[in-house]
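This report concerns the charged side chains of one protein chain and the places where they pair. The reader is invited to follow the sequence and the structure together.

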Amino acid sequence: MAEPVRPTRGILDTSVVIDLDVLRPGDLPRELAVTALTMAELAAGPAAARDADERARRQDRLQRAEAAFDPLPFDVNAARAYGRICTAVVAAGRKVRGARSVDLLIAAVALAEGLPLYTRNGPDFAALGGLVDVVVV
């Protein structure tokens with residue numbers, strides 16, 4: 001049986017960037033992209049760490065991501081896409097606010113860019129109604 005074709009490009013959500021060291025490259029697109037929102041979540045990581053070792057690990061992860069990626073912005077097209085994302089989420093009976101909101105903003109960038117979204121947290125994106133190709137790794 002032939003191996004499935006890997007997409008050329010895809011957006012990694014924050015959970016995937018955090019776990020990049022343990023993921024198989026074959027499970028990811030050939031060209032990795034992140035959003036400025038993921039970079040913001042990574043930047044907040046060291047401040048939220050409870051101890052110095054974890055703070056250092058998070059700072060290292062942030063610096064490696066900053067060196068590796070030129071993040072996609074949350075622009076006017078993503079803002080429009082976010083409206084579609086919110087409509088789908090509310091129609092599914094879920095909330096838009098709270099911890100899920102940054103995930104939905106990242107999904108809006110994926111929708112605006114027409115790219116699949118790679119995540120470790122599939123349930124966070126279950127209510128998107130097929131708007132975004134969500135790939136759980």
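The following paragraphs describe salt bridges and then turn to one buried residue.

The structure is a predicted model. Side chains of opposite charge can pair when their charged atoms come close. A search of the whole structure finds seven such salt bridges. Among them are the three listed below.

| Salt bridge | N to O distance |
|---|---|
| Asp19 and Arg120 | 2.9 Å |
| Glu54 and Arg58 | 2.8 Å |
| Arg64 and Asp60 | 2.9 Å |

**A link between distant parts of the chain**

Asp19 forms a salt bridge with Arg120. This pair joins distant parts of the chain, for the two residues are 101 residues apart. Asp19 belongs to the loop between α1 (14-18) and β2 (31-33), while Arg120 belongs to the loop between β3 (117-119) and β4 (134-136). Asp19 has a relative accessible area of 24%, and is therefore classed as partly exposed. Arg120 is likewise partly exposed, with a relative accessible area of 32%.

**Pairs within helix α3**

Helix α3 comprises residues 52-68. Glu54 and Arg58 meet there through their side chains in a salt bridge. Why are Glu54 and Arg58 separated by about one helical turn? The reason is that they stand four residues apart in helix α3. Arg58 counts as partly exposed, its relative accessibility being 25%.

Arg64 and Asp60 form a salt bridge as well. These two residues are also four residues apart in helix α3, so about one helical turn lies between them. Arg64 is partly exposed at 40% relative accessibility, and Asp60 is partly exposed with a relative accessible area of 36%. Salt bridges with shared partners bring Asp21, Asp60 and Arg64 together in one network.

**A buried residue in a loop**

Thr35 is found in the loop between β2 and α2 (36-48). Is Thr35 buried or exposed? The relative accessible area of Thr35 is 0%. Buried means under 20% relative accessible area, and Thr35 is therefore buried. Which residues does Thr35 touch, not counting residues up to four places away in sequence? With those neighbours set aside, Thr35 touches Ile11, Pro71, Leu72, Ile106 and Val109.

**Summary**

The salt bridge of Asp19 and Arg120 links distant parts of the chain, whereas Glu54 and Arg58 pair within helix α3. Asp60 and Arg64 share a network with Asp21. Thr35, by contrast, is a buried residue in a loop.

How values were computed. Residues are numbered from 1 along each chain as its sequence is written. This is a predicted model: local features need pLDDT of at least 70, side-chain atom pairs count only at pLDDT 80 or more; totals for chains, interfaces and linings use all residues. Side-chain values use heavy atoms; hydrogens and water are left out. A salt bridge is a side-chain nitrogen of Lys or Arg within 4 Å of a carboxyl oxygen of Asp or Glu. Buried means under 20% relative accessible area, exposed over 50%, partly exposed in between (1.4 Å probe, protein chains only). Contact means heavy atoms within 4.5 Å.
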